Amino acid sequence: MRDADFARARWRCRRGMKELDVLLLRWLERRWPAADAGRRRAFEWLLEQPDPDLADWLIHGARPADDAHAALVDDILHPPG
């Protein structure tokens, strides 16, 4: 059974921009279950950001200023395996 945090994050991954939806949902499905609390908090922070910022980071190659958030963006864009 999936937890309430997963369900809430899944809902928040729906951004209205197909490219963002695909990237965010892929990370959520594949990486959230094994993610530690810090990584989950970073992902939740990411979901709080405005769509233009997400598009800049996930589509246009910009980087968040914070190293932990930049590492998460890298993980979303370049999943292992």
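Start by selecting His69, which sits in helix H5. This is a predicted model, so keep that in mind at every stop. Is His69 buried or exposed? With a relative accessibility of 14%, His69 counts as buried, because the cut-off for buried is under 20%. Now show the residues around it. Setting aside neighbours up to four places away in sequence, His69 makes contact with Ala42, Trp45 and Pro64.

Move one step along to Ala70. Ala70 also belongs to helix H5, which covers residues 67-77. Its relative accessibility is 4%, so Ala70 counts as buried. Which residues does Ala70 touch, once those up to four places away in sequence are left out? They are Arg63 and Pro64. Pro64 is worth highlighting here, since His69 is in contact with Pro64 and Ala70 touches Pro64 too.

Keep Ala70 selected and add Phe6. Draw a distance line between the two C-alpha atoms: Ala70 and Phe6 are 21 Å apart in space, with their positions 64 residues apart in sequence.

Next, zoom out to see the whole chain. How many helices and strands are there? You will find five helices and zero strands. Following the chain along its sequence, the pattern reads α-α-α-α-α. The radius of gyration is 12 Å, close to the 12 Å that the globule rule gives for 81 residues, so the chain is as compact as a globular protein of that length. Rotate the view and look at the C-alpha trace: along its principal axes, the trace spans about 35 × 25 × 25 Å.

With the whole chain still in view, try colouring by burial. Of the 81 residues, 36% are buried. Switch on a surface, and the accessible area comes to about 5,000 Å², with 51% of that belonging to carbon and sulfur atoms. Colouring by charge picks out 14 positive and 15 negative side chains. The centres of these two sets lie 6 Å apart. If your viewer lists contacts, look at those with a separation of 6 or more: residues 24 or more positions apart account for 56% of them.

Now select helix H2, residues 18-31. Its 14 residues should span 20 Å at 1.5 Å a residue, and the end C-alpha atoms are 20 Å apart, which agrees. Which residues of H2 are buried? Leu20, Asp21, Leu23, Leu24, Trp27 and Leu28 are. To see what covers them, bring in the other helices: the cover includes helix H1 (4-12), helix H3 (37-48), helix H4 (51-58) and H5.

Stay on H2 and click Leu25, another residue of this helix. Leu25 has 21% relative accessibility and counts as partly exposed, because that class runs between the 20% and 50% cut-offs. Apart from neighbours within four places in sequence, Leu25 is in contact with Arg10 and Cys13. Add Ile76 to the selection: the C-alpha atoms of Leu25 and Ile76 are separated by 9.6 Å, although the two are 51 residues apart along the chain.

From Leu25, hop over to Trp11, whose place is in helix H1. The C-alpha atoms of Trp11 and Leu25 are 9.4 Å apart, and the residues are 14 positions apart in sequence. Is Trp11 buried or exposed? Trp11 counts as exposed, at 59% relative accessibility, because exposed means over 50%.

For the last stop, slide along to Ala4, also in helix H1. Ala4 has 54% relative accessibility and counts as exposed. Finish by drawing a line from Ala4 back to H2: the C-alpha atoms of Ala4 and Leu24 are separated by 17 Å, with the two residues 20 apart along the chain. Leu24 is one of the buried residues of H2, whereas Ala4 is exposed.

Terms used. Residues numbered from 1 in each chain as written. Predicted model: local features only at pLDDT ≥ 70, side-chain atom pairs only at ≥ 80, totals over all residues. Heavy atoms only, no water. Helix = DSSP H or I, 4+ residues; strand = E, 2+ residues; numbered from the N terminus. Rg over C-alpha atoms; globule rule 2.2 N^0.38 Å. Buried < 20%, exposed > 50% of the residue type's maximum accessible area, 1.4 Å probe, protein only. Contact = heavy atoms within 4.5 Å. Areas by Shrake-Rupley, 256 points an atom, 1.4 Å probe, with all protein chains shown as cover. Lys, Arg positive; Asp, Glu negative; His and termini not counted. Charge placed at Lys NZ, Arg CZ, Asp CG, Glu CD. Expected span 1.5 Å × (residues − 1).
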